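This report looks at how parts of one chain meet, and then at a single residue of another chain. Please keep the structure in view while reading.

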Amino acid sequence: MAKAFDFPGGIHPPQRKTLSTRTPLIQAALPTRVVLPMDQHIGTPAEPCVEVGQRVRTGERVALAQGLISADVHASITGTVTAIEERPVPHPSQGKRLCVVIEREPDGDDEWCLMPPLDWRQADDDTLLERLMHSGVVGLGGAGFPSQIKARVRELHAIDTLLVNAAECEPYITADDLTLRTYADDVLEGARLFARLCRAERILIGIEDNKPEAIDTLKQAIDNVVTRDTQSEPPFELKVIATRYPSGGEKQLIKRLLNREVPSHGLPADVGVLCHNPGTLRAALRAVRDGEPLISRIVTLTGEALDHPGNVEARLGTSMHELLTAAGLKEHELARLVMGGPMMGMALDSTALPLVKKSNCLIAATERELPAPPPEQPCIRCGACEQVCPASLLPQQLYWFSKSREHDKAELFNLFDCIECGACNYVCPSHIPLVQYYQAAKGEIRERRHEAHKAEHARHRFEFRQARLAREAAEKEAKRQARAQAASRVATRTAQPSREAAQGEDAAAAKEQVKQLRIAQAAAKAALRKAEKALARASEAGEADQDDLDDLELQVATAQENLRATEARLAAAQQAEQQGETRR
Amino acid sequence: MLELIADNGILAAIVALLVLAASFGALLGFAGERFKVEGDPVVEKIDALLPQTQCGQCGYPGCRPYAEAISQGDEINKCPPGGETTIAALADLLGREVKPLDGEAQDVPKVAYIREDECIGCTKCIQACPVDAILGAARHMHTVIESECTGCDLCVDPCPVDCIDMLPRERSLDEWYWPLPDGPGHRPATVTPSLIATDRAPAVGQEAGHG
């Protein structure tokens, strides 16, 4: 075993993993109805591309990804689309989201609509990336980040290590453990697929030592790969680390295995690492090798309110109630349902919610197992939270700043480097829900940024409108003057020449005006060039998002309007000047 | 000449000072020309703090004119859409006293909504909208682009058939975030993150059972 490094802090909560590892992985019964939310991933929700009443086959696309960070959604059973409407989804606010509902006749077949299989060793990168994009694969560890974007990482960063994050450090969850025990070969092949896509030189598997069976299976599988494939590049390396929460955090695992520190506000790619969950690797491999989009996932059903806790592979969109009932839910004992782990997961207020791509674990806990939290007490400044923070932050300071809404100070103390692992909550003797304070502060800061952005946008639109109105007025004025002059020319021909002195003064004033307008025109031209340059720079850099580009385009348009307005005024003034000269 | 200056200390000092004064004067004059700032930078800063709804409730035709007025010494409490936060930010920037808001505060962000059956297509609201957020043509139904609307309600008054409502803007799930906890003495309303923290006491005895 290679040398292990360490991250600061960390805690040792009770594991409670054996609850769900005693039985092997089983396939859940095929549901008769699935509810597929449009936002099972991080980023923009997908848009439905089917109609109510349409018949869909398993694996057929029902929603299209929107924008840069998004993922497709596929039908997980064969049946008829019966509704496209807002339904409750697993979300901390217990809110609703647009969902596609598919129903199957109880005795209906499970007819598949597969994409053509690909051999990832032969296919080129673009084909593979496109396949990943069309198969809706997202990170299955709980965050739900679209995988094809991670696979494109090579465009911006040089990657040397592909890290398979099998630490699974949160209590209760065993989905990755069972995935590795059952499908170790698939996970390894998926890792090689991603290693090829990002040109990693080695594949590192990080696993906590509380999963001995998975470690054995992995070792076996790695040996098999090495003996079977003579050209088993890149090399695999298995690192077993001592169990400690939260070593499954991306940044923490990288620190622990490679002694590299992901910079503040940075990504693992900044230090040459790409991190993937075993379940994601398997899903990606299935999408490529078998042409099967992401329509099912392995989920841990656990907690003491279940008679037969264990891991099942279930179709996405299956009702949680169905899954829990199949696992022997004792409804009168169920005190709290949690999706995800007990440290970072979210409490759900109903079992009538669909299973989504992000649901790695469902804990049906009894009152005795996870009792209601005691009331929050005042902070006694013991500093216990600071000792356990795995991100080397000062939780107590952040708490004070968040509480008093001193957001600039909280940001100064790196609030956004908080990974919300909940270690500080766990050790707080005053039962302060610290993470919730941080989440609230982060939310408020993000909202304020959003508001500021919107205000900026509104200002640009307002300025554009002002410029347009000014231009229209100037053009109208120029036309009016032209007409007036035409009329006065007719008048002067017939009338007596008026006083010479007054005319001289008029001409001088007109000259002065023309001069000023020339300066204004030059300034407007410079402003236009500046705006165009800013736009060109932003679009070349490719980092600005669409909204920013729109704003810059608006600024260019405003500058154009301004220029046209000054030009109209200048033309009118020049004409007036010429008129004056010819008259003299 | 040089000798006279060198001999006479006071004269040398005067000449040296004169030379210094002339050269620094030239330097300052050059810098004043070279680094001349167009416009008033304070106005830009004030403008950046205002909510840019362009509603005119302050009595000025838009946020920028109000920013200019503030820099000329006008009160900082005339912006209802900005509310207390804007007043606090302005007071902070300008070193003035925080004053209570002059006028009624807007409690929730609003958005204009045209009841499209009743719209007669008069284009009056289009002309009133400061950010071009209303679409439509003469004798055709108009509609509000929700994402561009700043909720200034300048379109409500000109409408001859009163078919524009100001509705609270809907918040999507993406905009949702955890509320700040109630503080000491209260049970956390949202219990998730601290779940396991609270079960330490009962869990100790059961550890062996759980493995």
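## Domains of chain A

Chain A is divided into domain 1 (125-291), domain 2 (384-432) and domain 3 (443-486 + 505-536 + 552-583), with bounds that come from an automatic or database domain assignment. This is a predicted model, in which local features need pLDDT of at least 70 and side-chain atom pairs count only at pLDDT 80 or more, while totals for chains, interfaces and linings use all residues. Residues are numbered from 1 along each chain as its sequence is written, chains are lettered from A in the order in which they are written, and side-chain values use heavy atoms, without hydrogens or water.

## Where domains 2 and 3 of chain A meet

Between domain 2 of chain A and domain 3 of chain A, about 520 Å² is buried, 56% of it from carbon and sulfur atoms; buried area is the accessible area (1.4 Å probe) that two parts lose on being put together, summed over both. On the side of domain 2 of chain A, Arg405(A), His407(A) and Phe416(A) lose the most area to domain 3 of chain A, together 80% of what that side buries.

The rule finds two salt bridges across this interface, a salt bridge being a side-chain nitrogen of Lys or Arg within 4 Å of a carboxyl oxygen of Asp or Glu. The side chains of Glu411(A) and Arg449(A) form a salt bridge at 2.8 Å, N to O.

## Asn77 of chain B

Asn77(B) lies in the loop between helix H4 (63-71) and helix H5 (83-94) of chain B, helices being DSSP runs (H or I, at least four residues) numbered from the N terminus. Asn77(B) counts as buried because its relative accessibility is 9%, the cut-off being under 20% relative accessible area (1.4 Å probe, protein chains only).

Although Asn77(B) and Pro100(B) are 23 residues apart in sequence, their C-alpha atoms are 6.6 Å apart in space, and the side chain of Asn77(B) reaches the backbone oxygen of Pro100(B) at 2.9 Å.

Definitions and conventions: Helices (H or I, at least four residues) and strands (E, at least two) are DSSP runs, numbered from the N terminus. Buried means under 20% relative accessible area, exposed over 50%, partly exposed in between (1.4 Å probe, protein chains only). A polar contact is a pair of N or O atoms within 3.5 Å; within protein, one must be able to donate a hydrogen and the other to accept it, and residues adjacent in sequence count only if both atoms are side-chain atoms.
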